Amino acid sequence: MDYNDSIRAVKGVGEKAEQRFAKLQIREVGDLLEHYPRDYDEFHDTVPIRTLEEGKRMAIEGVLRRKPTVRNTSRIKIITALFEDETGTVQVTWFNMPFLASRLHMGTRYLLRGRVGRVNGKLVLEQPKMYSKNEFYKNVGKMLPIYPLTAGLTNVQVTKAVKQALSECEGITEFLPPEIRKRHDLIGYRKAVQDIHFPKNRIEFYRARRRLVFDELFLYQAALRAIRVRNDRESSHVMTYREQLDSFREALPFALTNAQENVFSEILADLTGGHVMNRLVQGDVGSGKTVVAVMALYLTVCNGGQGAFMVPTEVLASQHCASLQKMLGPFGVRIGLLTGSLTAKQKREGKEMLASGEWDVVVGTHAILQDNVQFHDLALVITDEQHRFGVRQRETLSEKGTEPHVLAMSATPIPRTLALVLYGDMDLSVMDERPADRLPVKNCVVGTEFRPNAYHFMKEQIDLGHQIYIICPMVEENEESELESVMIYADRLREGFRGAVSVDSLHGKMKPQEKNEVMERFAGGKTDILVSTTVIEVGIDVPNATVMMIENAERFGLAQLHQLRGRVGRGAAQSYCILMYGRESKEGKERLSILAGSNDGFKIAEEDLKLRGQGDFFGEMQSGDKLFKLADIYEDAKILTAAHEEAGRYKFDEISRFYKKNKRLMEKLEHYMGDVPL
Ligand code: ADP
Ligand code: MG
């Protein structure tokens, strides 16, 4: 038997069982072996009845004290009996096992093991299994696997199948080199697989888990590294430094921060260094990523190449196009906009300008990546505010043009461990500083009773000439009512302020064109308060806005709230963020107070990862099966770092040779690498 055999090869697995296993994505023997227990039933010795604890699985040895009674309800038969030992008595119940009633004998001692529940305030041993002493003591000390199941498959069936596969599968052989195992003190592969299913005790379990978690993380890191090394190609767009860049910098209305200088010099080294750039800039909101990207674009254009600037939404595309025009237009750079909502004619003309090289830079949404968009000479692709795409999507991106340089700018700071996982194939720059003239945003977490005060405060800010965002209460997933809630909220505000302020609204149902108009009015200072859903979230930059109020703040993730808050504090004036929670919930309030206590996006992201787990971060980038079966990048952060370093230790040809010798390892790597060939 081998990994790739159908699980029908396992004794006792017939057609029916095969179908049921398929529901758990188990088709081959290998899938079965990687169907890890979700928990373990730890088999302890018997305990005195007096020490039974609710909610646990426990065993007792007791004498039957009262004749069992059988109660018939409409669907089930319930047997109740009373057992006693030296320390007390306990009631025991069985469901649908009426035959037991005649088998239990008064005055006889029984060994019973089951879950301790509570009925009418009293502890009850539920549905216990009856053991002979011999049978029982064989199990004591063991941890029995509890598997994820599906209808028609019992834990006993799965356990049996796994046992069979373990004893007959020949392919469970070591694939890590001895030196790696030694360096990280890892147990052998075969033993790890055996022990993760049937550990004799906790220590065995931990060792097995550690080995297998290391495998997952190492393989993934190795795959990313392989991709990265493979992508590390000679560039056909080697740039040279141009003095025009100095005049551009002199024309900026501000001096760059140290962080901006550092990141730009890393980018510059890439662009002039002869290799294809593949870099991620991680910067907190408001750290000024755009101007750094613009400098890279300008250098590209000065060197005769074209640049593409990709953003996730049309509103953002228009805004960036306008600000790029303002910054680069005076230097003769020709900038165009390409989005889905342009007319067919506009699109066609735009594409022609790009193909002929009349446009130096194009700003747009994903539309830029369509097949029919051609460049004269694309040398730099920038993706802004978009951290949620996987390795494979980044691949298609670089296929446009002749291996352009790629600069990704992430919308949300992500914890370092997570960055290793999501972006292990890229070079990383961190921008951890905000322009010096910024005052930190002042935060408060308040209940809805504070709303009148908040409005009063807003009026004062408006009188000072500032502007305000209000993120509308969230509604259930019904777009009609989302629209409604924004409209109603905006109307109520107008009434409340008796027409003394101008209120506008923005929501997901609007056409991009309408959204743009609303944003332009706001950016132009014509609107005092903008009521919006979270469509406002990414990248919008209106430095004059000083108040962000978020209704129902408890319903958002911390990282998202931090993004929203990042819409203010972008100018020199003091800004404020009012986090209003709708429901009284201690947990929610605590979560919000983390946000109120810190303006540091990196720290908040770390907390968010801790609180919500990795699922949310991966949610949008994975389809179907989970990236890791066992590993949790927060819990296992130490192993992740070790695996990352280990994967970086080998030269590419070493890895590749080694992988190719090892069929199982190759298969495992392919799982992570998708279509990217080694
Ligand atoms: P983000 O990193 O969130 O994308 P932006 O690039 O939109 O931030 O920059 C936020 C604001 O800060 C913009 O209005 C920009 O003009 C301004 N800015 C950028 N760099 C500096 C700087 N070094 N000093 C002062 N203001 C700056
Ligand atoms: Mg930005």
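## Notebook: a buried arginine, a ligand site and some strands

I began with arginine 211, whose side chain makes a polar contact of 2.9 Å with the side chain of aspartate 215. The model is a predicted one, and I read every distance below with that in mind. Arginine 211 belongs to helix H8, which spans residues 202-231. A second polar contact, of 3.0 Å, joins the side chain of arginine 211 to that of glutamate 174. I then asked myself whether arginine 211 is buried or exposed. Its relative accessible area is 0%, so arginine 211 counts as buried.

**Ligand 1.** I next looked up which residues surround ligand 1, and found 18 of them, the closest being Gly286, Thr290, Arg438, Asp541 and Arg570. Sorted by class, this shell holds 6 nonpolar, 6 polar and 6 charged residues. I went through the oxygen atoms of the ligand for short distances to the protein. For glycine 286 the partner is a backbone N or O atom, 2.7 Å from an oxygen atom of ligand 1. For threonine 290 the N or O atom belongs to the side chain, and an oxygen atom of ligand 1 is 2.7 Å from it. Aspartate 541 likewise offers an N or O atom of its side chain, at 2.8 Å from an oxygen atom of ligand 1. Taken alone, ligand 1 exposes 570 Å², and I noted that the protein buries 87% of that.

**Strands S9, S12 and S13.** I turned to strand S12, residues 378-384, and found it mostly covered, with 7 of its 7 residues buried. Strand S9, residues 306-310, pairs with S12 in the parallel sense over 5 bridges, and glycine 307 stands opposite leucine 380 in S12. Strand S13, residues 405-410, also runs parallel to S12, to which 5 bridges join it. Here I picked out aspartate 384, which stands opposite methionine 409 in S13.

**Proline 415.** Following the chain on from S13, I located proline 415 in the loop between that strand and helix H15, residues 416-423. Proline 415 counts as buried because its relative accessibility is 2%, and the cut-off for that word is under 20%. I also checked the C-alpha distance from proline 415 to alanine 605, which is 6.0 Å although the two are 190 residues apart in sequence.

**Helix H12.** I compared the span of helix H12, residues 314-328, with its expected value: its 15 residues reach 20 Å from the first C-alpha to the last, close to the 21 Å expected at 1.5 Å a residue. Its buried residues are Glu314, Val315, Leu316, Ala317, Ser318, His320, Cys321, Leu324 and Leu328. When reading such a list I keep in mind that an α-helix has 3.6 residues a turn, so residues three or four places apart point the same way.

**Positive phi.** Last, I looked at backbone angles, where most residues other than glycine have a negative phi. Asparagine 120, which is not a glycine, has a positive phi of about 50 degrees, and its place is in the loop between strand S5 (109-119) and strand S6 (122-131). With a relative accessible area of 79%, asparagine 120 is exposed. Aspartate 185 also has a positive phi, near 55 degrees, and lies in the loop between helix H6 (178-183) and helix H7 (189-197). I recorded aspartate 185 as exposed because its relative accessible area is 60%, exposed being the word for values over 50%.

How values were computed. Residues numbered from 1 in each chain as written. Chains lettered and ligands numbered in written order. Predicted model: local features only at pLDDT ≥ 70, side-chain atom pairs only at ≥ 80, totals over all residues. Heavy atoms only, no water. Buried < 20%, exposed > 50% of the residue type's maximum accessible area, 1.4 Å probe, protein only. Helix = DSSP H or I, 4+ residues; strand = E, 2+ residues; numbered from the N terminus. Pairing = 2+ DSSP bridges. Near = heavy atom within 4 Å. Polar contact = N/O pair within 3.5 Å; in protein donor to acceptor, adjacent residues only side chain to side chain. Areas by Shrake-Rupley, 256 points an atom, 1.4 Å probe, with all protein chains shown as cover. Nonpolar A, V, L, I, M, F, W, Y, C, P; charged D, E, K, R; others polar. Expected span 1.5 Å × (residues − 1).
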